[in-house]
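This report describes a structure with attention to burial, packing and chain contacts. The sequence and the coordinates come before the description.

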Amino acid sequence: MNYELHPWWTLLTIAAAFGALQGTCAYLILLERKTAAWVQDRIGPNRVGPLGLLQPIADGIKFLLKEDIIPDHVDRVFFLLAPAVAVGTALLAFAVVPFGPTTTPPQTAWPQTTAEESSSYTPQFQEQVEQYNRTYEAVLAPHVDIGMVFNFAVSSLAVYGIILGGWSSNNKYSLMGSLRSSAQIISYEIPMGMSVLGVVILSGSLNLERIIGHQLAHGWNFFSQPLACLLFLTSIFAECNRLPFDLPEAEQELVGGYHTEYSAMKFALFFLGEYTHMITTSFLLMILFFGGWQFPWLATAESAWVVKLLVFAAKMFVMILLFMLVRWTIPRFRFDQLMGLAWKVLIPLALANLLAVMVVRHLADTNGWSNGVQAGILFGVSVLLLLLTGALTLLQPRNRRPLNLAGPTRVPAETAAR
Amino acid sequence: MPIAEADVKWIEEPRLNLFEQLYLPAVVSGLLTTGKHLVKTLAGKEVTVQFPEERPTMPPNYRGVHRLNRDEAGRVKCVACYMCSTACPAHCIDIVAAPAPADWKDREKYPETFVIDELRCIYCGMCEQACPVDAIELTTLFDLTGFSREEMMFDKEKLLSVFDETVKAGTDPVRTHGGKLGVASEPAQPGGIPPSSTGTVS
């Protein structure tokens, strides 16, 4: 498919992707409710339309028509700003994430000096770049070389929506929710960023299209980076405020969490932001570790455009389903537990993994190891690191005080005798 | 009195082994359980009953709306002994007794009126246990509603009509001694329901 990098094409893509995103979000809420029901042996919403399929539309109408309450005691500016920030950042973060087939940007041999770099721009290479610029990429903002950095930077701003919402609500429960959210972000952002660095080192680029291209040539990153994949997966659960890390909206403890005071469309915007975030991070996980739109024998470089798009959507959907199943499997962490997990386990593991990737990559380059050998060694190192963490946790000194199930106070023997 | 040292049970957390300490096996087995329920429900084995369209079958000992049983002749079985209203902890049964008609040879009294305040009733089933002739029974009707308090005062006719309806619908077979009038200590009739399931106090 050829196209000139034309504003109309971009606008059309934005319109289509935005519409699809909104629709998907609406139907994901239905799916979430249905999954929740199925997991609990129930049926779920089935009254609006056949099989309840019109439920999201009814929900949308309800959200739009409901009375939009702004309580007297809130800080109006930030109260109105918070949902906008939540949904705006979530949508912005989606801008650089490929949601369909992409092509690998042309690349010369790794230039070491400026002289090498300028000499590498041969007419042949220029032609390749021209060709690449004319190719349609299924990304809202294609050709972003710092795609991953942009995505992480913007999506971590989403927490401002939560913090502002909780703060401006002027309500202690909302505030507690947003404080937990800030405790959460300083815990998960670091392992999240560091777990991805291994992938960046392996593929040599922050450009998400190139990361997909790298996996096209060398196999999925999951096989060389299973530990990083696990760390990233854990972190995105926290990033999306999904159970087991949905601390900011712990209904049982915090009434409704940070959005207690919100109603109608402003509440819906928070929801939209959350689900958009889920979609973005699911795409991102698939791009970083599972080869984006590729699937062996089903979607290869030669496959039709539609096949690639559908395969990618299906992979994203599998991840969303995992989000939903985990929600009904693992109970919520306390926020000190989350911080302990992130700081004492995830960050050291991510660091060790990063170090391992650097060492193995260097050894592979100097010794000329094949790609398979390198991946195998990295896989082994990942498993070893995981086992080592488990062993170290076992060796930790434990709180030896036994639990007393009989009563709160221990009675000395002599008083008990009387 | 403080708890004696000998009665205090000290418990230690079990140690995790390396495999368990990784948490991942537990997460995976949890996800499998979740998935099992998901698949089971999708296969059509959900426990939900679509209430207004579908009605659940209640267990036979469910305590719902009362009824007054009829004997074979279609007469009310009640002998107006007041044992149910005496046993009733909510005082919701109001009976006015009258001498039985001359041709009712098997009893001296019958209830002229028999009113149960269904709103006051706590559905404990003690009237059913107290009744010596198995005349009052609780049915499995659970969706009792009304527009006024007066409507919820069930009189004799209404209670007998509940009997007619539930017996005709077959939801609540008569749980008495083969449908015969008799005292509470009467042994079960051959072919009747065994005494343990009659709901009477022997």
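A residue is called buried if 20 or more other C-beta atoms lie within 10 Å of its own, exposed if 12 or fewer do, and partly exposed in between, with C-beta atoms placed from the backbone. The model is predicted: local features need pLDDT of at least 70, side-chain atom pairs count only at pLDDT 80 or more, and totals for chains, interfaces and linings use all residues. Residues are numbered from 1 along each chain as its sequence is written, while chains are lettered from A and ligands numbered from 1 in the order in which they are written.

**Chain A overall**

Helices (H or I, at least four residues) and strands (E, at least two) are DSSP runs, numbered from the N terminus. Chain A has 16 helices and 1 strand. Its C-alpha trace spans about 95 × 60 × 40 Å along the principal axes. Of the 418 residues in chain A, 41% are buried. Two residues are in contact if their C-beta atoms, placed from the backbone, lie within 7 Å. Among contacts in chain A between residues at least 6 apart in sequence, 80% join residues at least 24 apart.

**A:Ile185 and the cores**

A:Ile185 belongs to helix α7 (residues 172-203) of chain A. A:Ile185 counts as buried because it has 20 C-beta neighbours inside 10 Å. Leaving aside residues up to four places away in sequence, A:Ile185 touches A:Ser156 and A:Val159.

A nonpolar core is a set of buried Ala, Val, Leu, Ile, Met, Phe, Trp, Tyr and Cys residues joined through C-beta atoms within 7 Å. The largest such core holds 94 residues, and those that touch the most other members include A:Ala86, A:Val97 and A:Phe283. Helix α12 (residues 264-289) of chain A gives the largest share of this core, 16 residues. A second, separate core of 23 residues includes B:Leu68, B:Cys131, B:Ile136 and B:Val162.

**Contact between the chains**

On the chain A side, 26 residues are in contact with 26 residues of chain B. The largest share of the side of chain A that touches chain B comes from α15(A), with 6 residues. That side divides into 18 nonpolar, 6 polar and 2 charged residues. Here Ala, Val, Leu, Ile, Met, Phe, Trp, Tyr, Cys and Pro count as nonpolar, Asp, Glu, Lys and Arg as charged, and the others, Gly among them, as polar.

Two helices on this side, α13 (305-327) and α15 (371-395), each supply at least two of its residues. The expected span of a helix is 1.5 Å times one less than its number of residues.

| Helix | Residues | Expected span | C-alpha end distance |
|---|---|---|---|
| α13(A) | 23 residues | 33 Å | 34 Å |
| α15(A) | 25 residues | 36 Å | 36 Å |

The end distance agrees with the expected span for α13(A) and also for α15(A). Buried residues of α13(A) include A:Lys308, A:Lys315 and A:Phe323, and what covers the buried residues of this helix includes α1 and α12 of chain A. In α15(A), A:Gln374, A:Leu378 and A:Gly390 are among the buried residues. The buried residues of α15(A) pack against α9 (221-224), α10 (226-239) and α14 (335-367) of chain A, together with α1 (18-21) of chain B.

**Positive phi in chain B**

Most residues other than glycine have a negative phi. Phi of B:Tyr82 is near 70 degrees; this residue is in the loop between β2 (66-68) and α3 (83-87) of chain B. B:Tyr82 counts as partly exposed, with 15 C-beta neighbours inside 10 Å. Phi of B:Asp134 is near 55 degrees, and B:Asp134 sits in the loop between α4 (126-130) and β5 (136-138) of chain B. B:Asp134 counts as buried because it has 23 C-beta neighbours inside 10 Å.
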